[in-house]
Every structure is written in structure tokens, then in C-alpha cells.
Amino acid sequence: MNSSTTTVALFDRRPMQVADQLAAYRGTLTALGSGWVLNESDLTKNNGIVTANFILTKNAAFGNNETILTLPAGFRPVSNSGCAAWQGTGGTPGACGLQLGDDGTVTVTGQTGSNTQVRMSLAFRAAQ
């Protein structure tokens, strides 16, 4: 089984509003990079913490520093960060890197060979 569980922890000391502490929100991912298809998606925000689980496939091998998706407003990290994910299908499976921008862009790095799929499981504090 090829899977990846990656956690990004971003902490800040800003107090959360009561509404953000109590509400649970589901997000919809619609902004994909060129040629990418969303196979599975789960995007939620609860108590100000975003959890994102995605499987994306591209119609050809993806390259280093390629933007694969953009998280919607309200589901973006507090600051720029990085984490690991899984790459496979078509090439040598293994770890790759993700760069999460505070503007919501998610860029993949560390591509090896001709892989066409990225799987990620993330958790981080949402920007207010």
C-alpha cells in the first residue's frame, strides 16, 4: 500500500475567536495546477486547525517546483512552510516535498523519474 501521513504544525499565539473555536467547516478544492486531476479530497477546518487529505494525479510526469493546487481562502496556513508527501505511479515511488505558501499555493519538490501521482495528509493552523 502506498500512502503518506505527513503533519505540519504551525503555531502562533494569536487568540482564536469563539466562532472559530466552535465551528467546523468543509472546504472544496477547485484550483488545481495545469493537468492535475483530484482523485480524492477531504478538506476541513475545526477549531482553527485545517486537515487536508488529497490524492492528485497528473496526465504526465510532474516536475520539480510545480504548483499542484491552491488551497481556498480560509483554509490556508499561517505562514510559508514545507513538509513531506508521497509520490508514485509511473516512476519510482517514495517521498517528495511540498511547499505550502501562505497564499494557498502547494508546490511539489523532489520529483524522481516519471511519477504522476501525489498523496498528502496535512494538518496546520489556519490563518485568521
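## Two salt bridges

Two salt bridges turn up when the whole structure is searched. The model you are looking at is a predicted one, and these pairs are a good place to start reading it. As background, side chains with opposite charges can pair when their charged atoms come close.

One of the bridges joins the side chains of aspartate 42 and arginine 26, with 2.7 Å from N to O. This pair ties together distant parts of the chain: aspartate 42 belongs to strand β3 and arginine 26 to strand β1 (residues 24-26), with their positions 16 residues apart in sequence. How accessible are the two partners? Aspartate 42 is partly exposed at 27% relative accessibility, while arginine 26 is exposed, with a relative accessible area of 63%.

## Lysine 58 and glutamate 66

Lysine 58 and glutamate 66 also meet through their side chains in a salt bridge, at 2.5 Å from N to O. Is this lysine buried or exposed? Lysine 58 has a relative accessible area of 16%, so it counts as buried, and glutamate 66 is buried as well, at 15% relative accessibility.

You can find lysine 58 in strand β4 (residues 49-58). Leaving out residues up to four places away in sequence, lysine 58 touches Ser34, Gly35, Trp36, Glu66 and Thr116. One name in that list, Trp36, leads to the next stop.

## Around tryptophan 36

Tryptophan 36 is part of strand β3 (residues 36-46). This residue is buried, with a relative accessible area of 5%. Which residues does tryptophan 36 contact, apart from its neighbours within four places in sequence? They are Leu56, Thr57, Lys58, Phe62, Glu66, Thr67, Ile68, Thr116 and Val118.

Glutamate 66 comes up again here, since its side chain makes a polar contact of 2.9 Å with the side chain of tryptophan 36. Glutamate 66 therefore has a side-chain polar contact with tryptophan 36 and a salt bridge with lysine 58, and is itself buried. Another pairing to look at is tryptophan 36 with leucine 69: they are 33 residues apart in sequence, yet their C-alpha atoms are 8.3 Å apart in space.

## Rings and a charge

How many aromatic pairs does the structure have? The count comes to one. The rings involved are those of tryptophan 36 and phenylalanine 62, whose centres are 5.4 Å apart. Their planes stand at 45 degrees, which is why the pair is described as tilted.

This pair, too, links distant parts of the chain, with tryptophan 36 in strand β3 and phenylalanine 62 in the loop between β4 and β5 (66-70), 26 residues apart. Phenylalanine 62 is buried, at 3% relative accessibility. Elsewhere, a charge meets a ring: the charged end of lysine 45 sits over the ring of phenylalanine 75, at 5.7 Å from the ring's centre.

## Two cysteines without a bond

In general terms, a disulfide is a covalent bond between the sulfur atoms of two cysteines. The structure contains zero disulfides. Cysteine 83 is in none, and the nearest cysteine sulfur to it, that of cysteine 96, lies 8.8 Å away.

Why does cysteine 96 form no such bond? The closest cysteine sulfur, in cysteine 83, is 8.8 Å from its own, and that is too far for a bond. For a disulfide, the two sulfur atoms would have to be within 2.5 Å. Both cysteines are buried: cysteine 83 has a relative accessible area of 14%, and cysteine 96 has a relative accessibility of 6%.

Key
Residues are numbered from 1 along each chain as its sequence is written. This is a predicted model: local features need pLDDT of at least 70, side-chain atom pairs count only at pLDDT 80 or more; totals for chains, interfaces and linings use all residues. Side-chain values use heavy atoms; hydrogens and water are left out. Buried means under 20% relative accessible area, exposed over 50%, partly exposed in between (1.4 Å probe, protein chains only). Helices (H or I, at least four residues) and strands (E, at least two) are DSSP runs, numbered from the N terminus. Contact means heavy atoms within 4.5 Å. A polar contact is a pair of N or O atoms within 3.5 Å; within protein, one must be able to donate a hydrogen and the other to accept it, and residues adjacent in sequence count only if both atoms are side-chain atoms. A salt bridge is a side-chain nitrogen of Lys or Arg within 4 Å of a carboxyl oxygen of Asp or Glu. Rings of Phe, Tyr and Trp (its six-membered ring) pair if their centres lie within 6.5 Å; planes under 30 degrees apart count as stacked, over 60 as edge-to-face and the rest as tilted. A charge sits over a ring if NZ of Lys or CZ of Arg is within 6 Å of the ring centre and within 35 degrees of the ring normal.
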